[in-house]
Amino acid sequence: MSFFKRLSASLTARIDQAISQIENHETIIEVAIYEARQVAAKAKVRLARVQRDGEQLEAKITELREAEIKWTERAKKTAKESDREALACLRRRQSCHHQATQFNSNASD
């Protein structure tokens with residue numbers, strides 16, 4: 001009779017051990033899935049921020065290109081009246097061009 005009790009206790013212990021290992025694996029998998037979801041959510045937030053920043057950067061570049069054209073036209077108009085004002089317009093055009101170039105190089109990095 002004691003042989004059967006020992007065999008039964010041994011089998012029960014092994015089954016309990018197998019079940020606890022399975023439960024541990026399930027817990028580990030659940031934690032890994034939870035962490036993966038958190039990382040994915042953070043990545044989505046970063047992606048949205050990067051996209052928004054990219055759109056703002058493109059808008060700023062467009063604005064600077066338009067300002068560059070505007071200053072070129074003003075320089076042409078004022079050149080007839082005042083060389084000094086035309087040169088000031090060209091300096092502003094050059095500044096817009098430089099800023100747009102800088103933003104454009106940052107956008108491509």
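**From a surface patch to a nonpolar core**

On the surface of this structure, Leu11, Ile15 and Ile19 form a nonpolar patch, whose accessible area comes to about 270 Å² for the three residues together. The model is a predicted one, and the values given here are computed from it. Ile19, one of the patch residues, belongs to helix α1, which covers residues 2-79. With a relative accessible area of 40%, Ile19 is classed as partly exposed, because that class lies between the limit of under 20% for buried residues and that of over 50% for exposed ones.

Helix α1 also holds Thr78. Thr78 has a relative accessibility of 16% and therefore counts as buried, since the cut-off for a buried residue is under 20%. When residues up to four places away in sequence are left aside, Thr78 touches Glu85, Ala86 and Cys89.

Cys89 leads on to the interior, where it is one of the seven residues of the largest nonpolar core, together with Leu64, Ala67, Trp71, Ala75, Cys96 and Ala100. Both α1 and α2, the latter spanning residues 83-108, supply at least two residues each to this core, and the largest share, four residues, comes from α1.

Another member of the core is Cys96, whose contacts, again not counting residues up to four places away in sequence, are with Leu64, Ala67, Glu68 and Trp71. Among these partners, Leu64, Ala67 and Trp71 are themselves listed in the core.

Notes
Residues numbered from 1 in each chain as written. Predicted model: local features only at pLDDT ≥ 70, side-chain atom pairs only at ≥ 80, totals over all residues. Heavy atoms only, no water. Patch = residues over 30% accessible without salt bridge, like charges linked within 9 Å, V, L, I, M, F, W, Y side chains within 5 Å. Areas by Shrake-Rupley, 256 points an atom, 1.4 Å probe, with all protein chains shown as cover. Salt bridge = Lys/Arg side-chain N within 4 Å of Asp/Glu carboxyl O. Buried < 20%, exposed > 50% of the residue type's maximum accessible area, 1.4 Å probe, protein only. Contact = heavy atoms within 4.5 Å. Core = buried A, V, L, I, M, F, W, Y, C linked by side-chain atoms within 4.5 Å.
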